[in-house]
Amino acid sequence: MSVITAENISKKYIIDHKHKAGGPSTFRDVVSDSIGKIFSRKPGHSEYTEKEEFWALKDVNFTIDQGDRIGIVGHNGAGKSTLLKILSRITEPSTGQIKIEGRVASLLEVGTGFHPELTGRENIYLNGAILGMNKSEIKQSFDAIVDFAGVEKFLDTPVKRYSSGMYVRLGFAIAAHLNPEILIVDEVLAVGDTEFQKKCLGKMRDVSESGRTLIFVSHNLTAIQALCNKSFYFEKGQLIDQGDTTHIVTNYLSKVSHKRMERHWDGIDQAPGNDQVRIKSFRLLAEYQDNLVHIDVRTPMNFQFEFWNMEEGASLNLSMHLYTFTGECIFNVGTESQQFGKGLVTGVCEIPGHFLNDGSYVVSMMIVKDTSTVVYNMEEALVFDIEDYRENVTWYGKWPGYIRPKLNFSIRQTEHLVND
Amino acid sequence: MQHTTTIKAGGSEKDYWKDLWRNKQLLWILSKRDISVRYKQTLLGVAWSVLRPIMTMTVMVFVFSYVAKLKGDPGVPYPLMVLCGITIWTFFANTFSQISNSILINSNLVSKVYFPRLLMPLSSVAVGFVDFLITLGIFLVLTTFFHHPLSWNIIYLPAFLLLAFITSMGFGLIFAVLNVRFRDIGQLIPFVVQVGFYVCPIAYSSSLAKDTWYEKYYNLNPMVGIIDGFKWCLLGDKAYFNPDSIYSTAIISVVILILSLIYFRKKENTFVDHI
């Protein structure tokens with residue numbers, strides 16, 4: 001049975017080029033604009049009237065069945081948040097209509113409407129009511145909420161004295177005890193400690209397992225893959241793909257990356273370089289796992305670099321730098337120096353699987369003469385992404401560190417306590 | 001119980017008032033929030049509601065009665081007349097400014113959850129109402145102090161209070177909408193309240209405007225009739241009150257309320273785009 005049917009949903013915003021779109025303007029602006037218009041020489045073309053339509057969503061159609069767990073993926077600005085806002089009735093669509101069967105609760109923020117001066121207890125009632133619970137429902141789940149959030153000691157403390165972790169826990173705990181038929185969740189897992197994230201995801205799984213419908217927007221693809229059976233992929237306000245989550249996530253990943261994994265030049269004439277060396281190609285060859293077409297933390301990679309040496313008997317070596325996308329150097333490796341005749345020289349560097357952490361990386365390749373003079377430096381030559389992959393882990397927070405090596409690290413029981 | 005929602009452009013019209021009724025508990029909780037927040041973290045707490053009108057009255061009485069030598073209506077103690085005017089005016093001014101700011105103050109809610117937006121101005125009235133009850137209490141204590149008897153006119157008091165509420169809602173809703181769109185309207189609100197204080201018969205009796213060329217313009221202000229009526233309720237027949245003015249006052253304030261409701265309803269779905 002379909003619980004949500006959306007037909008031709010569009011949302012239009014007018015961007016005023018003078019002001020920030022949708023931002024607050026002042027009465028003064030409007031007055032001075034009108035005066036400006038009167039005195040403007042080119043009526044209708046002055047800077048004051050430059051307005052542009054922007055479609056945050058355009059002709060979106062979909063149906064969601066009862067018990068579906070829908071993940072929504074897409075870039076920033078693809079229309080995900082606008083869709084959630086329309087579904088939770090915060091803003092209206094410009095055209096089209098949506099039919100929703102059942103009670104909707106949307107969690108676009110943790111602790112919506114919390115008042116810093118009020119105590120935890122008062123805020124539970126306030127926030128519960130804001131999220132659409134009635135008083136008896138809140139009373140019923142009050143103890144469960146307090147217990148879930150772990151704030152029983154601070155119930156009568158104003159929430160402004162709470163640590164940010166406690167604040168978030170309390171906010172989520174209230175939302176988690178809503179009993180809607182349809183739950184809409186936006187990126188709330190980005191906050192809170194890992195222990196709590198685990199609790200949240202567990203709670204969301206309970207929601208979906210009890211046959212209720214879940215709509216979940218997140219940049220965390222691992223969480224989406226763990227929770228959602230179906231996904232929608234938005235791009236530039238349009239729903240461009242929907243279906244099985246694994247399929248959508250793969251499709252999304254292959255499109256989102258700004259990666260540059262191969263560069264090559266056909267002739268010496270066009271190739272970059274100088275009198276001594278010319279670059280032929282630089283490639284990243286990945287040994288993809290499980291028929292995937294993206295690199296994840298398990299994937300071994302081969303970097304293959306070819307160049308023409310133009311100087312007979314030059315003593316050369318290669319030096320490769322690996323940087324994070326933000327520009328921090330993770331490592332620098334070099335080959336041994338060797339004498340080469342004129343012609344093609346190939347260097348290969350292997351980065352094993354289970355070595356780098358997930359993230360975006362940039363590679364530079366340097367050709368060095370006599371182990372001291374840089375002949376040519378190919379900066380930011382390749383760019384690639386490594387996606388997250390986890391097995392037997394129920395925690396989905398960002399894995400810390402630049403590298404994630406698989407080391408020999410084990411635990412075992414070394415002694416048993418004997419009861420006597 | 002299964003309920004179906006249809007979302008489309010302008011689609012919230014049909015069930016709006018039903019939704020508002022369904023959310024009455026939220027209205028109550030938001031009101032309670034405003035009241036309890038107001039008295040938390042203040043040195044004197046509820047005492048402020050008592051001190052403020054008394055201090056205003058003392059200053060008024062001193063300035064107008066001893067310095068400017070204004071007189072109230074014959075047979076009515078001047079301090080009582082001032083306090084009476086302050087009571088209803090403060091109620092109007094508080095609710096008006098709270099309604100005007102209600103959407104902006106709750107902007108975190110506007111952008112994150114849906115409920116009929118009219119709940120915000122409605123709930124913001126609560127604080128003003130509590131303050132009103134306190135000032136009314138002070139007034140009643142002072143009538144015994146001045147040996148001024150209460151008359152049966154007092155039974156009409158809720159009617160004038162309702163009219164004051166309607167008027168503050170009427171003006172407040174318009175300002176609330178404008179305040180979201182243009183932030184500098186917020187600067188205007190205290191100014192409007194201040195001018196209103198002198199335009200309305202608070203420190204003087206509106207009998208001063210009687211038979212003057214500006215009387216008919218003066219009476220266009222719905223607060224004039226309301227304040228006069230309020231004084232008549234509390235101070236008895238000796239206070240100046242023109243009963244005919246009640247019709248025009250009622251009509252003007254209700255018409256303003258209806259217009260502002262239409263305006264508010266038309267704009268409320270765009271609040272989120274401007275916040």
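Two strands are taken to pair if DSSP finds at least two bridges between them. The exercises below concern a predicted model.

**Exercise 1.** Determine how strand 4 of chain A and strand 1 of chain B are joined, and in which sense they run.

*Solution.* Step one is to count the bridges: strand 4 of chain A, residues 95-101, is linked to strand 1 of chain B by 5 bridges. Since the criterion asks for at least two, the strands pair. Step two is the direction, which is antiparallel. Step three places one pair of residues: Thr4(B), in strand 1 of chain B, has Glu101(A) opposite.

**Exercise 2.** Describe the side of chain B that touches chain A by element and by residue class.

*Solution.* Begin with the totals: chain A supplies 40 residues to the contact and chain B supplies 31 residues. Next, list the elements of chain B that give two or more residues: strand 1 (4-8), helix 2 (24-39), helix 5 (107-110) and helix 12 (271-274). Of these, helix 2 of chain B provides the largest share, 6 residues. Finally, sort this side of chain B by class: 11 residues are nonpolar, 13 polar and 7 charged.

**Exercise 3.** Assess whether the radius of gyration of chain B agrees with that of a compact globule.

*Solution.* First, note the content of chain B: 12 helices and 1 strand, with the strand preceding the helices along the sequence. Then compare radii: a compact globule of 275 residues would have a value near 19 Å, and chain B has 20 Å, so the two agree. As a complement, the C-alpha atoms of chain B fill a box of roughly 65 × 45 × 40 Å along the principal axes, and 41% of its residues count as buried.

Key:
Residues numbered from 1 in each chain as written. Chains lettered and ligands numbered in written order. Predicted model: local features only at pLDDT ≥ 70, side-chain atom pairs only at ≥ 80, totals over all residues. Contact = placed C-beta atoms within 7 Å. Helix = DSSP H or I, 4+ residues; strand = E, 2+ residues; numbered from the N terminus. Nonpolar A, V, L, I, M, F, W, Y, C, P; charged D, E, K, R; others polar. Rg over C-alpha atoms; globule rule 2.2 N^0.38 Å. Buried ≥ 20, exposed ≤ 12 C-beta atoms within 10 Å, placed from the backbone.
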